[in-house]
Amino acid sequence: MTTSENLFARAQQLMPGGVNSPVRAFRSVGGVPFFVKSAHGATLHTVDDRELIDFVCTWGPAIHGHNHPKIKAAIGAALELGTSFGTPHPAEVTMAEMIVRFVPSIQKVRMCNSGTEATMTAIRLARGFTRRDKIVKFSGCYHGHSDSLLIKAGSGALTHGHPDSAGVPAAFARETIVLPFNDIAALAAAFAANPQLIAGVILEPYCGNVGFIMPDAGYLAKVRALTAQHGAVLIFDEVMTGFRIARGGVQEREQIVPDLTCLGKIIGGGLPVGALGGRAEIMDYLAPIGPVYQAGTLSGNPLAMAAGIAALRLLEDDGSDLDPYQRLDRLGRQLRDAVLAAARAKGIAVQVPQCGAMFSIFFTDTPVRDYATALTSDAALFARFFRACLDGGVYLAPSAYEAGFISTAHDGAAIARACEIMTQAIANL
Ligand SMILES: *Cc1c(COP(=O)(O)O)cnc(C)c1O
């Protein structure tokens, strides 16, 4: 028995599924998850003394790789001053200033402890601000695990949602309308069928939780126009894409101004964090000056702020000649081209959507533009590919429907080695 197998056997006695977050259990690729004892740069070191090139990057946050010396130093300095005060402290103001400076639509910001808290608060705020109840979300978009957002599509395009989890009351699901992504007619029809009832529309502007899917040209602008026309709050969930696709997120790259933006992941530099920001007029509906309640004992935690500020500073300037986003995009294209070439040589149909430091590998000949087309990918083939990569020393997300992430620490040898391993894995499929 390996050390990982032994730990997982113990964990399964003590924790549901042996994990603290479901995807870590490897259920969609099979086998036992490996346990990690440390991580540096692009590399995970497992308890079984294996080294893996990591394309999960702790599910997005580690854009500078693991245990970056500057982030570590910032946490160490903050630690000397205390781990939590329960009062305002200076780093909260610094963090808010940075977020407002980088993210085009954000005028005011509230820090919280996870992306789930950010999206949960965003929809409450949209409802409080508009005095309407219904929320539109899109199938395939993941917004954390709060009741109103854990909803899947009903059978017809315009039916209301069904709970996507036991324990979500059907009455909550009725307030959530689930539509296909990249289908502007469906959104227009939902507004027509629910006049003055839709409080907000929430979406991942580039989807990253059903694999990586980009919107069709002009789609986001049309969503913006429709929400404005109908007085609904447009919420960009940039928990994953914020500071990853560009410093200012997808909204900067696509030049779209949402009303509210949810952030998380990268802005915590590897510590637990979330944030909600947007137009001051809407944000001021939050307590203590507005009627919409939201709070958090550890919100704006000094260690998380220190780590996050250090991570954001590195995205402005990490001492390299080339902007980090240009370097990340170069690495992303290198990986994509290697996978495409290997698949072509082997005669396997594959789609590799990629933008900057995000990518996906869908084993399908259908271009992937929404949830339904993502499901055309061959999950069994992906599981074999995943296993071959892992055996070779590359860790991809353990599911056919998750995005891959690249960090600045993947530069050079790590990416070249990963391309070789993945090419070999495809050749052997
Ligand atoms: C990860 C993620 C969340 C949830 O964030 P947690 O910190 O895991 O609660 C919400 N939305 C998107 C787009 C995410 O990628």
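**View 1. Thr116 and its neighbours hold polar contacts with the ligand.** In this predicted model, a side-chain N or O atom of Thr116 sits 2.7 Å from an oxygen atom of the ligand. Polar contacts here are pairs of N or O atoms within 3.5 Å; within protein, one atom must be able to donate a hydrogen and the other to accept it, and residues adjacent in sequence count only if both atoms are side-chain atoms. Gly115 contributes through its backbone, with an N or O atom 2.8 Å from a ligand oxygen. Asp237 uses its side chain, where an N or O atom is 2.6 Å from a ligand nitrogen. On its own the ligand exposes 380 Å², and the protein buries 84% of that (Shrake-Rupley areas with a 1.4 Å probe; for residues, only the protein chains shown count as cover).

A word on conventions: residues are numbered from 1 along each chain as its sequence is written, and side-chain values use heavy atoms, leaving out hydrogens and water. Because the model is predicted, local features need pLDDT of at least 70 and side-chain atom pairs count only at pLDDT 80 or more, while totals for chains, interfaces and linings use all residues.

**View 2. The ligand shell mixes nonpolar, polar and charged residues.** Among the residues around the ligand are Ser114, Tyr142, His143, Glu204, Asn209 and Lys265, where a residue is near if one of its heavy atoms lies within 4 Å. By class the shell holds 3 nonpolar, 6 polar and 3 charged residues. Ala, Val, Leu, Ile, Met, Phe, Trp, Tyr, Cys and Pro count as nonpolar, Asp, Glu, Lys and Arg as charged, and the others, Gly among them, as polar.

**View 3. Strands β1 and β2 form an antiparallel hairpin.** Here 4 bridges join β1 (residues 36-40) to β2 (residues 43-46). Strands are DSSP runs of E with at least two residues, helices are runs of H or I with at least four, and both are numbered from the N terminus; two strands pair if DSSP finds at least two bridges between them. Look across the pair and you will find Ser38 opposite His45 and His40 opposite Thr43. With 2 residues between the strands, the hairpin has Gly41 at a positive phi near 55°. The open, mixed sheet runs in the order β1-β2-β3-β15. Strands β1 and β15 (394-395) each have a single partner, so one side of each lacks a neighbour in the sheet.

**View 4. Cysteines without a disulfide.** The count is 0 disulfides, taking a disulfide as a pair of cysteine sulfur atoms within 2.5 Å. For Cys207, the nearest cysteine sulfur is that of Cys141, 3.9 Å away. Cys355 has its closest cysteine sulfur in Cys207, 13 Å off, which is too far for a bond. Cys207 is buried at 2% relative accessibility, and Cys355 is buried at 6% (buried means under 20% relative accessible area, exposed over 50%, partly exposed in between, with a 1.4 Å probe and protein chains only).

**View 5. Backbone geometry in three loops.** Most residues other than glycine have a negative phi, and most peptide bonds are trans. Gln196, between α6 (184-193) and β9 (198-203), has a positive phi near 60° and is exposed at 62% relative accessibility. Gln255 follows suit between α8 (249-254) and β11 (260-264), with phi near 55° and 68% relative accessibility, again exposed. In the loop between α9 (280-283) and α10 (302-316) lies Pro288, joined to Ala287 by a cis peptide bond with omega about 15°.
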